[in-house]
Amino acid sequence: MAGSWQLARRTLSGPSWVRGSGPAVLNRLRDAAVVRPAFLTAAEEETLSRELEPDLRRRRYEYDHWDAAIHGFRETEKSRWSEASRAILQRVKAAAFGPSQTLLSSVHVLDLEPRGYIKPHVDSVKFCGATIAGLSLLSPSVMRLVHTQEPGEWLELLLEPRSLYILRDSARYDFSHEILRDEESFFGELRVPRGRRISVICRSLPEEMGPGEPGQPPPAC
Ligand SMILES: O=C(O)CCC(=O)C(=O)O
Ligand SMILES: [Fe+2]
Ligand SMILES: [Mn+2]
């Protein structure tokens, strides 16, 4: 599977990880929906996934919540990390967040099984601020953004393993985001076969909320 993915990737014309419904929306969201391919080294990906595995393995994949946004997943909120992982998260912070932004104290870790997927949603504005930054481990996937008022306006992000994506401002507030299920997992013509994917997601706090105030976010906010 990994082999066929590599093969497919080479057929892309030029390095592009973002596609959209038109040049206007691509331009407008140039700084609001960002993909940084190969943000992690293979060793860093290994560091994170090894550290997360014991905790994740203790949990069961969840399905069948008719109203839930996420299907075929398990998750955890992690606030204590090894020194090596802290250094990685520090790099995410520097790359994605501004000096005035405070991050949620725990990092959201989401483990999607190969047939797991995330339906379109906008992260709760009550619990999450203007910026969402996610590392993707193990499997490629496609994240689709659709304007909540203008469904003809959309972007797709190709999230390769070891990439970082950043959604901020308009991309975070005015567009829903979703992770496509395996049957629908295409980036344009490019088939993006889904395996197990772990994402490590950092979020800023809502501006008006200080770090010590009550109101811990729900596991998936
Ligand atoms: O897995 C991801 O990268 C995104 C997860 C997500 O959208 C959420 O938990 O709100
Ligand atoms: Fe989300
Ligand atoms: Mn969520």
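Q: Which residues are exposed on the other side of helix 4?
A: This is a predicted model, and helix 4 covers residues 83-96. Its buried residues are Ile88, Val92 and Ala96. Seen down the helix axis, those buried residues fall within an arc of 60°, so they line one face. On the other side, the exposed ones are Glu83, Arg86, Ala87, Gln90 and Ala94.

Q: Why can residues three or four places apart in an α-helix point the same way?
A: Think of walking around a spiral staircase. An α-helix makes a turn every so many residues, so those three or four places apart point the same way; the number per turn is 3.6.

Q: How far does helix 4 reach from its first C-alpha to its last?
A: Helix 4 has 14 residues, and the expected rise is 1.5 Å a residue. That gives an expected span of 20 Å, and the model comes close to it, with a reach of 20 Å.

Q: What covers the buried residues of helix 4?
A: The residues to be covered are Ile88, Val92 and Ala96. Both helices and strands take part in the cover, which includes helix 3 (42-57), strand 5 (131-137), strand 8 and strand 12 (197-203).

Q: Is strand 8 mostly covered or mostly open, and how many of its residues are buried?
A: Take the two faces in turn. On one side Leu164, Ile166 and Arg168 are buried, and on the other Tyr165 and Leu167 are buried too. Strand 8 is therefore mostly covered, and the buried count is 5 of 5.

Q: Which residue in strand 8 is the bridge partner of Ile132?
A: Strand 5 and strand 8 pair in the antiparallel sense, over 5 bridges. Within strand 8, the bridge partner of Ile132 is Leu167.

Q: Which residue of strand 8 does Val34 stand opposite?
A: Strand 2 (residues 33-36) also joins strand 8, running antiparallel to it with 4 bridges. Val34 stands across from a residue that is itself buried, namely Ile166.

Q: How many of the 6 residues of strand 7 are buried?
A: Strand 7 spans residues 154-159 and is largely enclosed by the rest of the structure. It has antiparallel pairings with strand 1 (residues 18-20), through 3 bridges, and with strand 6 (residues 141-147), through 6 bridges. The number of buried residues in strand 7 is 5.

Q: Which residues of strand 7 stand opposite Val18 and bridge to Val142?
A: Start with strand 1, where Val18 faces Leu157 of strand 7. Then look at the pairing of strand 6 with strand 7, where the partner of Val142 is Leu158.

Q: How many residues lie between strand 6 and strand 7 in their hairpin?
A: The two strands pair in the antiparallel sense. They form a hairpin, and the number of residues between them is 6.

Q: Is Arg162 buried or exposed?
A: Arg162 sits in the loop between strand 7 and strand 8 (164-168). Its phi is near 80°, a positive value in a residue other than glycine. A residue needs 20 or more other C-beta atoms within 10 Å to be called buried. Arg162 has 20, so it counts as buried.

Q: How many C-beta neighbours does Asp169 have inside 10 Å?
A: Asp169 lies in the loop between strand 8 and helix 5 (170-173). Asp169 is not a glycine either, yet its phi is positive, about 50°. It counts as partly exposed, and its number of C-beta neighbours is 13.

Q: What distance separates the C-alpha atoms of Glu77 and Val107?
A: Glu77 is in strand 3 (residues 70-78) and is partly exposed, with 16 other C-beta atoms within 10 Å. Along the chain, Glu77 and Val107 are 30 residues apart. In the model, their C-alpha atoms are separated by 5.5 Å.

Q: Which residues does UniProt list for the AlkB-like domain?
A: The unreviewed UniProt entry names it "domain: Alpha-ketoglutarate-dependent dioxygenase AlkB-like". In the model this span is 14% helix and 47% strand, with its end C-alpha atoms 15 Å apart. The listed residues are 75-203.

Q: Over which residues does pLDDT stay under 50?
A: The mean pLDDT of the protein is 90, and 86% of its residues reach 70 or more. Where pLDDT is low, the predicted coordinates should not be read in detail. The stretch that stays under 50 is residues 1-13.

Technical notes: Residues numbered from 1 in each chain as written. Chains lettered and ligands numbered in written order. Predicted model: local features only at pLDDT ≥ 70, side-chain atom pairs only at ≥ 80, totals over all residues. Buried ≥ 20, exposed ≤ 12 C-beta atoms within 10 Å, placed from the backbone. Pairing = 2+ DSSP bridges. Expected span 1.5 Å × (residues − 1). Arc of directions from axis to C-beta. Contact = placed C-beta atoms within 7 Å. UniProt positions renumbered as here; feature names shortened; annotations may be inferred. pLDDT = per-residue confidence, 0-100.
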